[in-house]
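What follows is a reading of one protein chain, made with its sequence and coordinates at hand. Please keep both in view while going through the text.

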Amino acid sequence: MPASHHTKVLIIGAGPAGYTAAIYAARANLAPVLVQGMQPGGQLTITTDVENYPGFADPIQGPWLMEQMAKQAEHVGTKMMFDIIVDVDFSKRPFVCKGDSGDTYTADAVVIATGAQARWLGIPSEETFRGYGVSACATCDGFFFRGKEVAVIGGGNSAVEEALYLTNHASKVTVVHRRDSFRSEKILQDRLFANPKIQVVWDSVVEEIEGTGDGSLGNPRAVTGLKVKNVKTGALSTIPVEGVFVAIGHSPATEVFKGKVAMDEAGYIVTAPDSTATDIPGVFAAGDVKDKVYRQAVTAAGMGCMAALEVERWLAANEPAAGAHQVQSPAGTW
């Protein structure tokens with residue numbers, strides 16, 4: 001039987017940003033409700049060793065970190081809902097969000113923390129070795145490939161930046177691009193071509209990621225090479241590498257919010273400078289859903305904290321009026 005839930009603060013999304021917003025909102029006695037979405041824990045649930053999250057001397061597991069954040073949020077008073085928001089109405093307060101379950105969620109303020117997903121190649125071997133040599137984040141995982149040969153797939157700014165970053169760790173970086181020129185900024189290309197550790201394989205696409213192991217105890221999976229095909233000649237070749245970094249972009253999880261809040265051309269939610277406030281008063285956005293620059297767990301968590309603090313102040317200054325009323329901002333204002 002569909003139910004209706006009302007809360008002062010509705011948090012949509014359950015990654016570092018959503019959980020941190022929930023922790024801060026709950027500690028402010030706002031009794032938040034968090035709708036976890038399709039992938040509770042976000043991208044960290046498919047990450048193995050995490051070495052760059054502050055506070056842990058030894059590597060930790062991504063799923064474990066998200067489990068601890070969820071438990072902490074619940075412990076301080078967050079109500080967790082296993083549902084997916086499929087429609088929102090931000091035209092009046094209280095805001096109305098509808099779940100895939102049929103339940104309705106009304107809220108005086110909303111924090112959007114639905115994150116983003118890395119775009120993948122879509123080949124079976126990529127899935128097999130994801131987290132075992134295949135990654136979409138050089139900043140997160142480059143450290144594990146010190147002194148090893150790795151490949152970067154892509155040709156935009158992200159790919160070139162990832163390749164340059166990886167030269168700090170890897171002995172050799174091979175960039176595989178399906179075209180004969182990069183789409184990235186000229187200054188980044190100049191740096192890449194000037195780096196002796198980087199080699200470029202043009203006009204080529206990945207056919208298969210090669211490796212060993214079946215993932216069983218004592219037989220871990222490991223990448224050994226990259227089979228590529230030249231799109232002009234059809235020739236196949238294998239590049240020996242121990243790591244593959246897919247850098248063909250990210251897609252923010254903002255489909256349900258299109259036309260409801262301001263977004264940029266790539267679909268990322270736009271917020272006011274130095275703030276998580278969107279163009280709709282009372283609606284805030286935190287984490288990878290609005291951040292296409294850093295995309296780190298720690299920065300997402302920091303934005304979740306910002307969102308909760310801003311929500312608390314906004315609610316104090318904007319007590320819900322009796323009945324629904326329009327809150328849409330004038331065009332071009334915050």
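This report goes through the sheets, the helix packing, the cysteines and some backbone details of a model that is predicted.

**The parallel sheet**

Five strands make up an open sheet whose order is 10-17-11-12-13, and the pairing within this sheet is parallel. Its edges are formed by strand 10, spanning residues 134-135, and by strand 13, spanning residues 198-201, each of which pairs on one side only. Helix 5, made of residues 157-166, packs on this sheet and touches strand 11 (149-153), strand 12 (172-176), strand 13 and strand 17, while the direction of the helix makes about 165 degrees with that of strand 11. At the edge formed by strand 10, the pairing with strand 17 (residues 243-246) is parallel and rests on two bridges. In this pairing S135 has F245 of strand 17 as its bridge partner.

**The antiparallel sheet**

A further open sheet contains three strands in the order 14-15-16, and here the pairing is antiparallel. Strand 14 (204-212) and strand 16 (236-240) are its edge strands, each pairing on one side only. On average, and with direction ignored, neighbouring strands of this sheet are turned by 25 degrees against each other. Strand 14 and strand 15 (residues 222-230) run antiparallel and are joined by eight bridges, and within strand 15 the bridge partner of G211 is V223.

**Helix pairs**

Two helix pairs can be described by their axes and by the residues that meet. Helix 1 (residues 16-27) packs against helix 7 (residues 297-317) at an angle of about 35 degrees, the axes being 7 Å apart, and the crossing of helix 1 with helix 7 is right-handed. On the side of helix 1 the contact involves P16, A17, T20, A21, Y24 and A25, which meet A297, A300, A301, G304, C305, A308 and L309 of helix 7. Sorted by class, the residues of this contact are eleven nonpolar, two polar and no charged.

Helix 5, which was described above as packing on the parallel sheet, also has a helical neighbour: its axis and that of helix 6 (residues 186-194) come within 10 Å and cross at roughly 35 degrees. Helix 5 passes helix 6 in a left-handed crossing. Helix 5 contributes N157, V160, E161, A163 and L164 to the contact, and helix 6 contributes L188, Q189, R191 and L192. By class, this contact of helix 5 with helix 6 holds five nonpolar, two polar and two charged residues.

**Cysteines**

How many disulfides does a search of the whole structure find? The search finds one, and this disulfide joins C137 to C140, with an S to S distance of 2.2 Å. The torsion about the S-S bond of C137 and C140 is about 70 degrees, and the disulfide is therefore right-handed. The table gives the accessibility of these two residues together with that of C97 and C305.

| Residue | Relative accessible area | Class |
|---|---|---|
| C137 | 15% | buried |
| C140 | 25% | partly exposed |
| C97 | 0% | buried |
| C305 | 18% | buried |

Since buried means under 20% relative accessible area and exposed means over 50%, C140 at 25% counts as partly exposed, whereas C137 at 15% counts as buried. C305, buried at 18% relative accessibility, is also one of the helix 7 residues that meet helix 1.

**Loops and backbone details**

The loop between strand 18 (250-252) and strand 19 (283-285) holds T271, and the same loop is the place of D274. Are these residues buried or exposed? T271 is buried, because its relative accessible area is 13%, whereas D274, at 79% relative accessibility, counts as exposed. T271 lies 21 residues from H250 along the chain, and the C-alpha atoms of the two are separated by 19 Å.

D274 has a positive phi of about 55 degrees although it is not a glycine. R295, likewise not a glycine, also has a positive phi of about 55 degrees, and R295 is found in the loop between strand 19 and helix 7.

One further backbone detail concerns a proline: the peptide bond from R93 to P94 is cis, with omega near -5 degrees, and P94 has its place in the loop between strand 6 (85-89) and strand 7 (95-99).

Conventions:
Residues numbered from 1 in each chain as written. Predicted model: local features only at pLDDT ≥ 70, side-chain atom pairs only at ≥ 80, totals over all residues. Heavy atoms only, no water. Pairing = 2+ DSSP bridges. Helix = DSSP H or I, 4+ residues; strand = E, 2+ residues; numbered from the N terminus. Contact = heavy atoms within 4.5 Å. Axes fitted to C-alpha atoms, helices over the stretch in contact; angles between N-to-C directions. Left-handed = near helix turned anticlockwise from the far one by under 90°. Nonpolar A, V, L, I, M, F, W, Y, C, P; charged D, E, K, R; others polar. Disulfide = S-S within 2.5 Å. Buried < 20%, exposed > 50% of the residue type's maximum accessible area, 1.4 Å probe, protein only.
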